[in-house]
Amino acid sequence: MSAPVLTLAGLRLEARGTPVPLLAVPSLVLRPGLTAVVGASGAGKSLLGRALVGQVHVRPGVVAGTLQLGDDPPRALAGGRRLVAPAPAVISWACQHGREALVPQWTIARHLRSVGADPAQARARLAAFGLGPAVLAAHPHALSGGMAQRAHLALALAGDPPWLVADEVSTGLDASAGRQVLRHLADRARGGRGVLLVSHDLDLVKDFADRKSTRLNSSHRM
């Protein structure tokens with residue numbers, strides 16, 4: 001089953017005390033496949049991904065914009081002072097600091113159980129990122145930074161979400177592990193899933209993205 005087309009319209013993200021918006025995107029259509037968002041530092045790449053999954057922490061944050069999933073009615077991304085998470089079951093989130101996204105007191109097995117993964121699914125998700133079953137019994141602090149990052153990715157994909165927003169997920173990984181991660185994401189995309197890859201690594205983008213032209217720059221600001 002293919003991921004739904006995501007149609008973003010009128011996104012405006014603001015920070016208190018700043019006279020211009022942090023990010024303004026009039027329209028953006030994301031189709032199944034692996035789409036890369038590239039651009040200069042500070043262009044708003046990560047903010048775009050965070051807006052899609054309700055992870056913007058500045059205030060007031062998203063003040064306008066809608067997100068449409070396939071043929072469903074558009075959903076408002078801003079709800080008064082509260083940021084609305086669009087559809088957690090549809091769009092999953094993986095960040096560049098995976099260890100910080102994990103609960104320190106939980107083992108990796110407990111993390112995966114918390115999202116409904118049975119033991120076989122948990123092992124398969126970890127194996128996809130080059131991690132053995134011994135990782136299941138480990139707490140985040142016992143893992144290297146690269147292992148924690150890959151465990152975080154396994155958790156983000158445990159429920160087989162139609163879409164994944166992957167924000168600089170190769171950060172902290174050596175070249176081989178980074179390519180393994182992107183190869184797995186590209187395989188998912190070829191299977192009909194959607195991946196929005198936020199990255200500054202142009203070599204990875206060149207080798208793995210289906211669409212490489214999505215670029216945030218001054219034209220996306222109002």
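**Exercise 1. Find which residue of β10 is the bridge partner of Ala166, then work out how β9 and β10 run.**

Solution. Start with the pair itself: Ala166 has Leu197 as its bridge partner in β10. One quick note before going on: you're looking at a predicted model. Now step back to the strands. β9 and β10 are joined by five bridges, and they run parallel.

**Exercise 2. Find out how β3 and β10 are joined, and name the residues that Thr35 and Val37 pair up with or face.**

Solution. Take the strands first: five bridges link β3 with β10, and the two run parallel. Next, go residue by residue. Thr35 has Leu196 of β10 as its bridge partner. Val37 stands opposite Val198, again in β10. So that you can place β10 in the chain, look for residues 194–198; β3 covers 33–37.

**Exercise 3. Decide whether the residues of β3 and β10 are buried or exposed, one face at a time.**

Solution. The cut-off you need is this: buried means under 20% relative accessible area.

- Step 1, β3: Gly33, Thr35 and Val37 sit on one side, Leu34 and Ala36 on the other, and all are buried.
- Step 2, β3 as a whole: five of its five residues are buried, so the strand is largely enclosed by the rest of the structure.
- Step 3, β10: one side has Gly194, Leu196 and Val198, the other has Val195 and Leu197, and again all are buried.
- Step 4, β10 as a whole: with five of five residues buried, β10 is therefore largely enclosed by the rest of the structure too.

**Exercise 4. Describe helix α5 from its start to just past its end, and say what covers its buried residues.**

Solution. Begin at the N-terminal end. Asp174 caps it, with a side-chain oxygen 3.2 Å from the backbone nitrogen of Ser176. Then check the length: α5 takes in residues 175–190, 16 residues, and reaches 22 Å from first C-alpha to last, close to the 22 Å expected. Now look along the helix for buried residues; they include Gly178, Val181, Leu182, Leu185 and Ala189. What's on top of them? The cover includes β3, α3, α4, β9, β10 and α6. Finally, move just past the helix, where Gly192 takes a positive phi of about 105°.

**Exercise 5. Find the largest nonpolar core and the elements that build it.**

Solution. The largest nonpolar core has 41 residues, and Leu34, Ile108, Leu112, Leu126, Val169, Val181 and Leu185 have the most contacts inside it. The elements giving two or more residues to this core are β3, α2, α3, α4, β9, α5, β10 and α6. Apart from this core lies another, of 26 residues, with Val25, Val56, Leu77 and Trp163 among them. For background, nonpolar side chains tend to be buried together in soluble globular proteins.

Now zoom in on Ile108. Leaving aside neighbours within four places in sequence, Ile108 is in contact with Leu102, Leu126, Val135, Leu136, Ala138, Leu143 and Ala151.

**Exercise 6. Place Thr107 in the chain and see what it touches.**

Solution. Thr107 lies in the loop between β8 (91–94) and α2 (108–114). Not counting residues up to four places away in sequence, Thr107 touches Leu136, Ala137, Ala138 and His139. Take Ala137: it is 30 residues from Thr107 along the chain, yet their C-alpha atoms are separated by 5.7 Å.

To finish, fit this into the whole chain. Among contacts with a separation of 6 or more, 72% are between residues 24 or more positions apart.

Definitions and conventions:
Residues are numbered from 1 along each chain as its sequence is written. This is a predicted model: local features need pLDDT of at least 70, side-chain atom pairs count only at pLDDT 80 or more; totals for chains, interfaces and linings use all residues. Side-chain values use heavy atoms; hydrogens and water are left out. Helices (H or I, at least four residues) and strands (E, at least two) are DSSP runs, numbered from the N terminus. Contact means heavy atoms within 4.5 Å. The expected span of a helix is 1.5 Å times one less than its number of residues. Buried means under 20% relative accessible area, exposed over 50%, partly exposed in between (1.4 Å probe, protein chains only). A polar contact is a pair of N or O atoms within 3.5 Å; within protein, one must be able to donate a hydrogen and the other to accept it, and residues adjacent in sequence count only if both atoms are side-chain atoms. A nonpolar core is a set of buried Ala, Val, Leu, Ile, Met, Phe, Trp, Tyr and Cys residues joined through side-chain atoms within 4.5 Å. Two strands pair if DSSP finds at least two bridges between them.
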